[in-house]
Amino acid sequence: VDACDVRVSTTLSSGTHNFPTGIDICNSGIMLDCNGATFIGNSVFGSRGIRIYPSFTTVRRCETRNYDIGIVASSSSNSILKNIATSNTLGISVYGGSSNTISENTANSNNVGGINVGAYGSSSNNNIISNNTVNSNVNAGIGIAGNNNLLENNTVNSNANGINLAWASYNTLKNNTISSNSAGGIVVAMSSHYNTFSGNLINNNSGGISLALSNSNTITNNIF
């Protein structure tokens, strides 16, 4: 790794690496296994710890700190697994692509959000966001802008909002633990329709599930 490009499957040695400009993954079908290595940025606006450009890529066991975005993917069918993204502006971001798996990551104490999937004008669909720990982020723990995403078995505590849905329809949120978020547990807004919320533990937030400008959502068997 030359602090610029990863072009073949690579396993790093553990340790701490100062990579102000981060790492780019440039070829599809490869794996970056950081083996617990930590990448440290310089907190510059626009900096990225790990950038995933192609599809069918796996990034696992990496830790990113002090980047604008810790890990970012703009493509489809990638796996982001067992990483730690902390003390960034945004921990993990996927936008524009689809069918990504974001699982078993820890995204805590980021200055804006923990995990963000999609954005206004660049939705991200058919992703799986599961078994992540997303705590103590300044704004939303998890933000979704897209359709047909599955959010399951995530722990989302002590953020401002736990989970935000905006411009997001036909998503399923089930069996998540969403607690002690200061502004709200689940916030559904901006034409987010036909979502399903079931089996979630939503307690000790300033609000449980709030809906605005959103219709035909199904809320069943949650614990408040």
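Salt bridges to begin with. In this predicted model the count comes to 7 salt bridges. Side chains of opposite charge can pair when their charged atoms come close. I will go through some of the pairs.

Take Asp5 and Arg7. These two form a salt bridge, and their closest N and O atoms are 3.1 Å apart. Is Arg7 buried or exposed? Neither quite: Arg7 has 46% relative accessibility, so it counts as partly exposed.

Next, Asp24 and Arg51. Here the closest N and O atoms of the salt bridge are 2.2 Å apart. Asp24 sits in strand β4, residues 23–25, and Arg51 in strand β7, residues 48–52, so this pair ties together parts that are 27 residues apart in sequence. What about burial? Asp24 counts as buried because its relative accessibility is 13%, with the threshold for buried being under 20%. Arg51 is at 16% relative accessibility and therefore counts as buried too.

Now Arg60 and Asp33. Their side chains meet in a salt bridge at 2.9 Å, N to O. Which strands hold them? Arg60 lies in strand β8, residues 58–60, and Asp33 in strand β5, residues 31–33, so the bridge ties together parts that are 27 residues apart in sequence. Arg60, with a relative accessible area of 21%, is partly exposed, whereas Asp33 counts as buried at 6% relative accessibility. The pair does not stand alone: salt bridges that share partners join Asp33, Arg60 and Arg61 into one network.

On to the aromatic rings. How many aromatic pairs does a search of the whole structure find? The search gives 3. A pair of aromatic rings is described by the distance of the centres and the angle of the planes. I will describe two of them.

One is Tyr120 with Trp167. The ring centres are 4.6 Å apart and the planes are at 45 degrees, so this pair is tilted. Both residues are in loops: Tyr120 between β15 (113–117) and β16 (128–130), Trp167 between β21 (161–166) and β22 (172–174). The contact therefore ties together parts that are 47 residues apart in sequence. Tyr120 is exposed, with a relative accessible area of 65%, while Trp167 is partly exposed at 38%.

Another is Tyr170 with Tyr194. Their ring centres lie 5.1 Å apart and their planes are at 10 degrees, so the pair is stacked; the cut-off for stacked is under 30 degrees. Where do the two residues lie? Tyr170 is in the loop between β21 and β22, and Tyr194 in the loop between β24 (184–189) and β25 (196–198), so the pair ties together parts that are 24 residues apart in sequence. Tyr170 has a relative accessible area of 46% and is partly exposed. Tyr194, at 44% relative accessibility, also counts as partly exposed.

Last, a sheet. This is an open sheet of 4 strands in the order β17-β20-β23-β26, and the pairing is parallel. Which strands are at the edges? They are β17 (133–135) and β26 (201–203), each of which pairs on one side only. From one strand to the next, the twist averages 5 degrees.

Inside that order, consider β20 and β23. Strand β20, residues 155–157, runs parallel to strand β23, residues 177–179, and 3 bridges join the two. Which residue in β23 stands opposite Val156? That is Ile178.

Key:
Residues are numbered from 1 along each chain as its sequence is written. This is a predicted model: local features need pLDDT of at least 70, side-chain atom pairs count only at pLDDT 80 or more; totals for chains, interfaces and linings use all residues. Side-chain values use heavy atoms; hydrogens and water are left out. Two strands pair if DSSP finds at least two bridges between them. Axes are lines fitted to C-alpha atoms, for helices over the stretch in contact, and angles run from 0 to 180 degrees between N-to-C directions. A salt bridge is a side-chain nitrogen of Lys or Arg within 4 Å of a carboxyl oxygen of Asp or Glu. Buried means under 20% relative accessible area, exposed over 50%, partly exposed in between (1.4 Å probe, protein chains only). Rings of Phe, Tyr and Trp (its six-membered ring) pair if their centres lie within 6.5 Å; planes under 30 degrees apart count as stacked, over 60 as edge-to-face and the rest as tilted.
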